[in-house]
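Please describe how the ligands in this model are held by the protein, and which features of the backbone deserve a second look. A report in running text, with one small table, would suit me best.

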Amino acid sequence: MTAIPVLGAQRDTTCPYCGVGCGVSMHREEDGWRATGLAQHPANFGRLCVKGSALGETLGLQERLLSPEIDGCRVDWDRALDTVAARLREAMQTHGPESVAFYVSGQLLTEDYYVANKLMKGFIGAANIDTNSRLCMSSAVAAHKKIFGADAVPGCYQDLALADLVILTGSNMAWTHPVVYQRLVAAKQARPAMKVVVIDPRETATCDLADLHLPLAAGTDGFLFTGLLAWCARQGLLDQAYIDAHTRGFAECLAAAAQACPDLASTAQQCGLPLETLRTFFAWFAESPRTVTVFSQGINQSDTGVDKACAIIHCHLATGRIGKPGAAPFSITGQPNAMGGREVGGLANQLAAHMGFEACARVARFWRTDRIARSPGFKAVDLFRAVGEGRIKVVWIMATNPVVSMPEADLVRAALAHCPTVIVSDCVADTDTLRLAHIRLPAAAWGEKDGTVTNSERRISRQRPFLPLPGEARPDWWIISEVARRMGFEAAFPYQSPAQIFREHAALSGYENDGRRAFDISALAQLTDQQYEQLLPVQWPLSGKGPFRPGASGTERLFADGHFFSPDGRAHCTPVTPRRPMARTTAEWPLLLNSGRLRDQWHTMTRTGRAARLLSHVSEPYIAVHPADLATAGVDDGELVQVESPLGQCLVAARASNEQTPGEVFMPIHWNDCFASAARVDALVAAICDEESGQPAFKQTPVRLQRYAARWQARVITAEPVQTPDSQYYWCRVPDGALVRWRMAGSRAVTLDWLKARCPTITDWAEMVDAARGHFRLLGYRHGRPVCFAALAPSLVTLDEDWLVQQLRASAPADALQLMAGQPGGARDTSPVVCSCHQVREAALEDAVRNGCHDVAALGQCTRAGTGCGSCLPEIKTLLARVRTGTPEEIAQC
Ligand SMILES: Nc1nc2c(c(=O)[nH]1)N[C@H]1C(S)=C(S)[C@@H](COP(=O)(O)OP(=O)(O)OC[C@H]3O[C@@H](n4cnc5c(=O)[nH]c(N)nc54)[C@H](O)[C@@H]3O)O[C@H]1N2
Ligand SMILES: Nc1nc2c(c(=O)[nH]1)N[C@H]1C(S)=C(S)[C@@H](COP(=O)(O)OP(=O)(O)OC[C@H]3O[C@@H](n4cnc5c(=O)[nH]c(N)nc54)[C@H](O)[C@@H]3O)O[C@H]1N2
Ligand code: SF4
Ligand SMILES: [Mo]
């Protein structure tokens with residue numbers, strides 16, 4: 001690995017992945033950087049999940065974008081910035097300010113985000129800036145604003161530990177917010193009487209902790225929570241004093257609920273749940289004044305996401321379960337700075353600092369501008385449609401990969417392909433979106449960037465750099481400010497440091513804020529550069545009354561006094577009439593496709609896809625299908641299948657899964673054209689959005705499956721460049737250090753020469769041919785050393801890929817015959833990796849269970865599995881239960 005110049009040997013910062021916002025301490029060691037959890041950080045108290053603990057492995061400069069480019073040619077920054085400014089100005093002058101758009105991300109730091117929003121809404125003078133938070137949290141935001149009068153999350157992580165009942169709905173927390181999950185596991189261990197209910201159509205890793213799992217029919221949470229409200233009323237469980245004192249519109253809300261869910265049986269039927277299960281859940285709710293309901297994408301990513309979030313919040317308001325320790329509705333955020341983006345006003349329908357367009361005169365005064373946008377701009381889906389219709393002439397995409405992550409992703413790709421100017425700021429050199437950029441701007445990456453992020457519990461933490469800026473990479477705030485200056489807005493963008501931007505953002509939050517705006521961090525507006533540098537994690541609000549005390553921790557919990565941020569200070573309940581998802585299966589499209597995250601990958605894999613350890617958990621794209629549905633489709637476990645929707649196609653391996661409800665299938669969101677031939681799930685997903693929030697219903701897409709009639713399958717392992725097969729074939733690449741493991745397949749016959757032509761730099765080949773059976777092995781040599789292994793056969797052959805990788809790396813590899821065999825003499829464990837930290841495989845764990853390790857602790861002692869970050873503990877427990885409850889025959893077969 002290239003030596004990385006460093007700023008120091010140890011630095012405290014914040015994890016760049018999920019919204020838990022863990023504090024990370026980075027230590028320089030001989031062979032690179034190591035991440036450990038920051039013991040004193042209140043989000044994680046020293047814990048890290050597998051992605052956080054592998055941060056050091058994703059840092060290298062290979063595959064980074066390190067200089068600006070225009071039309072594929074390297075240019076200097078002056079030229080790049082002048083060109084961006086000129087294109088924006090030209091479009092504004094010729095077609096008006098609405099003809100330019102920014103599409104930004106919850107992975108920008110608050111300071112970057114603030115400047116992007118200020119440039120668009122304050123100075124370009126339109127509001128066409130939207131963010132990938134539209135795809136993520138916008139339904140929760142809309143519900144918060146409607147009911148609380150502000151986009152404010154009431155509770156904090158500690159509330160989960162204090163609750164008697166924790167409801168996790170539409171959240172696979174064990175994988176997506178692993179450290180909060182670990183805190184919950186610890187709390188339940190300490191207080192076993194605490195109950196956990198998981199509501200999810202799939203049986204996920206999170207169900208491991210559940211006292212009750214509700215595998216409800218997809219998209220029916222609205223019925224469940226509206227039914228709960230109506231039931232509470234029937235049972236006399238409402239907190240009428242709280243309702244009378246602190247809410248408005250509750251009677252209408254309850255009337256609508258009673259009408260939609262008149263009795264338990266109808267609710268159970270709508271949700272596809274046994275009556276008894278529902279009764280148990282409701283009874284637990286009734287007996288647990290300290291209830292926290294965590295909701296995430298299973299709720300938000302729906303065409304009735306706002307209603308569902310409202311239905312959840314109503315249950316808490318109606319029973320006074322809010323603003324108290326251990327009692328809160330809790331929308332848990334996904335990205336590291338999803339919250340920060342909401343704070344600065346990154347959504348097209350917000351202005352700035354939690355103010356809407358009604359406050360444009362005030363914000364204009366503060367920004368000293370006469371060009372402020374006066375009405376909302378395009379939400380993400382409409383924004384890209386406007387690009388497709390030619391109404392947007394210049395689009396600038398920062399820190400997000402919409403060609404992969406937007407619904408109707410092929411249409412997004414087509415729209416960008418026809419857009420006159422596409423500007424993309426990213427840290428890496430190749431993404432599906434960057435491939436369409438006319439102007440590429442190299443952004444500083446995590447470890448180089450300097451600023452702040454806000455986590456799910458409103459806690460602002462510092463991201464601090466520990467690496468110098470490589471090549472010509474620059475922080476996003478610098479790039480945007482330079483463009484603004486070149487557009488003629490020098491006076492408003494004088495920024496020299498993130499601290500300066502943060503102070504302005506903090507000051508705006510307190511500007512003419514007489515306590516009526518929840519988001520107030522004006523206490524931080526006077527931070528000195530040194531105080532900013534040393535800022536400890538702090539929860540907003542933190543108003544400017546009185547001098548700032550370094551170390552102040554802010555506000556743990558909101559609404560304790562029953563005061564909300566609406567004009568009358570009450571929570572405004574709003575009638576919800578639940579309905580089923582708009583997308584329906586039909587005879588032609590018989591399966592409902594759900595999509596979401598895997599434990600060890602982050603979104604479009606630009607970072608986690610570089611760490612071999614993280615790819616060892618799941619290395620290829622797949623679709624999880626119930627065995628009965630696989631049988632109907634005539635497909636065997638592991639076979640390739642074409643997944644089709646009216647919008648597009650994917651080609652992935654089928655995985656038999658009893659975790660799926662029959663009729664429902666699941667695909668991970670991570671794979672894209674940089675990693676596989678056709679595995680972008682969003683090419684299948686239609687952009688059916690919640691009308692109010694504009695958030696797409698990513699979790700429900702009717703699809704059909706068809707077996708892919710592969711005539712051959714190949715595996716290739718090499719560090720040499722590989723020419724990817726064209727679109728008629730299947731391929732998938734799995735980086736493993738300097739080597740890449742490839743899997744390929746095709747429905748049309750190919751020759752051995754075709755396979756050799758995939759590695760054009762190799763000219764020296766050894767072959768082993770069994771023509772009668774159609775089995776071929778190749779070894780490619782460079783200077784007498786094997787540098788490539790390839791196997792081609794009618795079906796997927798069993799190889800020991802880890803051993804082959806070791807051999808291709810070894811100074812003295814095994815001889816050619818043994819290499820061609822694809823495995824060493826003795827038997828080796830090639831079963832799936834369960835524990836990524838210690839690379840412990842399923843078969844080793846099964847052996848250990850059979851040899852007497854009958855609990856997690858014993859397994860950990862014997863194999864080390866689960867003793868690293870702990871993210872695999874739910875899977876270990878499932879394995880334990882499976883092996884221990886199997887019949888002796890089944891156990892013998894495992
Ligand atoms: N490992 C990892 N962690 C991540 C991320 C990542 O990429 N990788 N991304 C981060 C981001 S940005 C986000 S937004 C969060 C998302 O975090 P989560 O919301 O926890 O993640 P998802 O896997 O998208 O979806 C959660 C669950 O919703 C379920 N679901 C689907 N339909 C329904 C339904 O109708 N009702 C209910 N109740 N459940 C349903 C799905 O089966 C799935 O298990 O994760 C964050 N954390
Ligand atoms: N079907 C389906 N689709 C979904 C979802 C789903 O559950 N199902 N979930 C949705 C959700 S919740 C989300 S959040 C999105 C996520 O989707 P995206 O935001 O598109 O995914 P990322 O891979 O995180 O993209 C971030 C990009 O920014 C780059 N980057 C990282 N840090 C920086 C930085 O500091 N500056 C700059 N300029 N670039 C940076 C990365 O290299 C990467 O290319 O996907 C959405 N799409
Ligand atoms: S839970 Fe994992 S991914 Fe999320 S912030 Fe913590 S270490 Fe990072
Ligand atoms: Mo997200």
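Thr-176 places a polar side-chain atom 2.8 Å from an oxygen atom of ligand 1, a polar contact in the sense of a pair of N or O atoms within 3.5 Å. Two backbone contacts accompany that of the side chain: a backbone N or O atom of Trp-175 lies 3.2 Å from a nitrogen atom of ligand 1, and a polar backbone atom of Arg-599 is 3.1 Å from a nitrogen atom of ligand 1. On its own ligand 1 has 900 Å² of accessible area, and the protein covers 100% of it; such areas come from the Shrake-Rupley method with a 1.4 Å probe.

This is a predicted model, in which local features need pLDDT of at least 70 and side-chain atom pairs count only at pLDDT 80 or more, whereas totals for chains, interfaces and linings use all residues. Residues are numbered from 1 along each chain as its sequence is written, chains are lettered from A and ligands numbered from 1 in the order in which they are written, and side-chain values use heavy atoms, with hydrogens and water left out.

Around ligand 1 there are 35 residues, of which Asp-200, Gly-219, Ser-296, Arg-597 and Gln-601 come nearest; a residue counts as near if one of its heavy atoms lies within 4 Å of the molecule. Helix 6 (173–176), helix 13 (297–300) and strand 21 (591–596) each supply at least two residues of this shell, where helices (H or I, at least four residues) and strands (E, at least two) are DSSP runs numbered from the N terminus.

For ligand 2, Gln-107, Ser-405, Asp-426, Thr-604 and Asp-682 come nearest among 31 surrounding residues. Polar side-chain atoms of Lys-449 and Thr-606 lie 2.8 Å and 3.1 Å, respectively, from an oxygen atom of ligand 2, and one of Ser-595 lies 2.9 Å from a nitrogen atom of ligand 2. Taken alone, ligand 2 exposes 920 Å², and the protein buries 98% of that.

Ligand 3 is surrounded by residues that include Cys-15, Cys-18, Cys-22 and Cys-49, together with Lys-51, Pro-178 and others. Helix 1 (50–53) and helix 7 (178–190) each supply at least two residues of its shell.

The table gives the make-up of each shell by class, with Ala, Val, Leu, Ile, Met, Phe, Trp, Tyr, Cys and Pro counted as nonpolar, Asp, Glu, Lys and Arg as charged, and the others, Gly among them, as polar.

| Shell | Nonpolar | Polar | Charged |
|---|---|---|---|
| Ligand 1 | 9 residues | 19 residues | 7 residues |
| Ligand 2 | 11 residues | 14 residues | 6 residues |
| Ligand 3 | 9 residues | 2 residues | 1 residue |

An unreviewed UniProt entry lists residues 8–63 as "domain: 4Fe-4S Mo/W bis-MGD-type"; its positions are given in the numbering used here, the feature names are shortened, and annotations may be inferred rather than shown by experiment. Over residues 8–63 the chain is 7% helix and 32% strand, with the end C-alpha atoms 24 Å apart.

Two backbone features remain. Glu-63 has a positive phi of about 70° although it is not a glycine, and this residue is found in the loop between helix 1 and strand 4 (69–70). The peptide bond from Trp-540 to Pro-541 is cis, with omega near 5°, and Pro-541 is found in the loop between strand 19 (538–539) and strand 20 (571–572). Most residues other than glycine have a negative phi, and most peptide bonds are trans.

How values were computed. A polar contact is a pair of N or O atoms within 3.5 Å; within protein, one must be able to donate a hydrogen and the other to accept it, and residues adjacent in sequence count only if both atoms are side-chain atoms.
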